[in-house]
Amino acid sequence: MLEECPHCYTAVIPSAHGECPSCRKNFHDRAGTDPTRTALHVSEARALPPYCHGCDAPTDRFVDVIAKVPGYGSRANLGSWLLLYYAILSLFAPFIGLFSVAGDDAERGRSGERFKVSLPQCAACGAAGRPRPVRIDRERGLLTFIVHVSFKKRIEGA
Ligand SMILES: [Zn+2]
Ligand SMILES: [Zn+2]
């Protein structure tokens with residue numbers, strides 16, 4: 001049965017000794033892990049509730065995360081897949097958001113696929129950093145983010 005690794009948040013089947021096949025850390029060693037964090041897979045069409053994905057506080061600030069991956073023929077490694085373009089569409093910076101989106105459209109023709117997700121993020125969490133997907137599932141069109149466990153419960157309970 002798949003379990004989520006407390007270190008890398010990948011859904012894996014741990015070895016008999018509890019080793020994660022993805023990051024090689026041990027499920028039983030929780031040192032340095034954060035039990036309030038979990039992985040959430042988000043599709044482009046998914047409408048998310050107005051609560052911060054990082055701390056679960058109510059917020060109406062949504063951040064557009066645009067992730068691009070090269071076409072299927074590319075041999076690029078995972079690190080270079082994650083060419084990320086962000087546009088913050090908030091009350092404070094509507095024009096920056098518009099310009100960024102326009103720039104992405106112009107580049108679309110020579111890049112591969114492009115995924116866009118609107119992720120709720122409060123201003124306090126936004127000050128600490130923009131959301132970054134930790135994984136991109138091209139086949140299913142899912143971006144994986146590390147979110148607060150309470151935020152994930154809102155979505156799975158709905
Ligand atoms: Zn792991
Ligand atoms: Zn927050």
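This report walks through the fold, sheet, core and confidence of a predicted model.

## Overall layout

Let's start with the broad picture. The protein contains four helices and eight strands. Followed along the sequence, these elements come in the pattern β-β-β-β-α-β-α-β-α-β-β-α.

Of the 158 residues in the protein, 18% are buried. Among contacts between residues at least 6 apart in sequence, 63% join residues at least 24 apart.

## The three-stranded sheet

A good place to look next is the open sheet of three strands, which runs in the order E3-E8-E7 with antiparallel pairing. Its edges are formed by E3 and strand E7 (135–137); each has a single partner strand, so one side of each is left without a neighbour in the sheet. From one strand to the next, the twist averages 35°.

The pairing of E3 with E8 is antiparallel and spans seven bridges. Within this part of the sheet, serine 43 stands opposite leucine 142 in E8. Helix H4 (residues 149–157) packs on the sheet, where it touches E3 and E8. The direction of helix H4 makes about 125° with that of E8.

## The nonpolar core

If you turn to the interior, the largest nonpolar core has 14 residues. Those with the most contacts inside this core are Val42, Val65, Val117, Leu119, Leu143 and Phe145. Two or more core residues come from each of strand E3 (37–43), strand E4 (62–69), strand E6 (113–120) and strand E8 (142–148).

Valine 42 is a handy residue to centre the view on. Leaving aside residues up to four places away in sequence, Val42 touches Val117, Leu142, Leu143 and Phe145. Leu142, one of these contacts, is also the residue that stands opposite serine 43.

## How far to trust the model

The average pLDDT of the protein is 80, and 73% of the residues score at least 70. Confidence is highest in helix H3 (residues 123–128), at a mean of 96. At the other end of the scale, confidence is lowest in strand E5 (residues 83–89), with a mean of 40.

Please take care with residues 73–110, over which pLDDT stays under 50. For that stretch the model has 35 contacts beyond four places in sequence. Where pLDDT is low, the predicted coordinates should not be read in detail.

Conventions:
Residues are numbered from 1 along each chain as its sequence is written. Chains are lettered from A and ligands numbered from 1 in the order in which they are written. This is a predicted model: local features need pLDDT of at least 70, side-chain atom pairs count only at pLDDT 80 or more; totals for chains, interfaces and linings use all residues. A nonpolar core is a set of buried Ala, Val, Leu, Ile, Met, Phe, Trp, Tyr and Cys residues joined through C-beta atoms within 7 Å. A residue is buried if 20 or more other C-beta atoms lie within 10 Å of its own, exposed if 12 or fewer, and partly exposed in between; C-beta atoms are placed from the backbone. Two residues are in contact if their C-beta atoms, placed from the backbone, lie within 7 Å. Two strands pair if DSSP finds at least two bridges between them. Axes are lines fitted to C-alpha atoms, for helices over the stretch in contact, and angles run from 0 to 180 degrees between N-to-C directions. pLDDT is the predictor's confidence in each residue, from 0 to 100.
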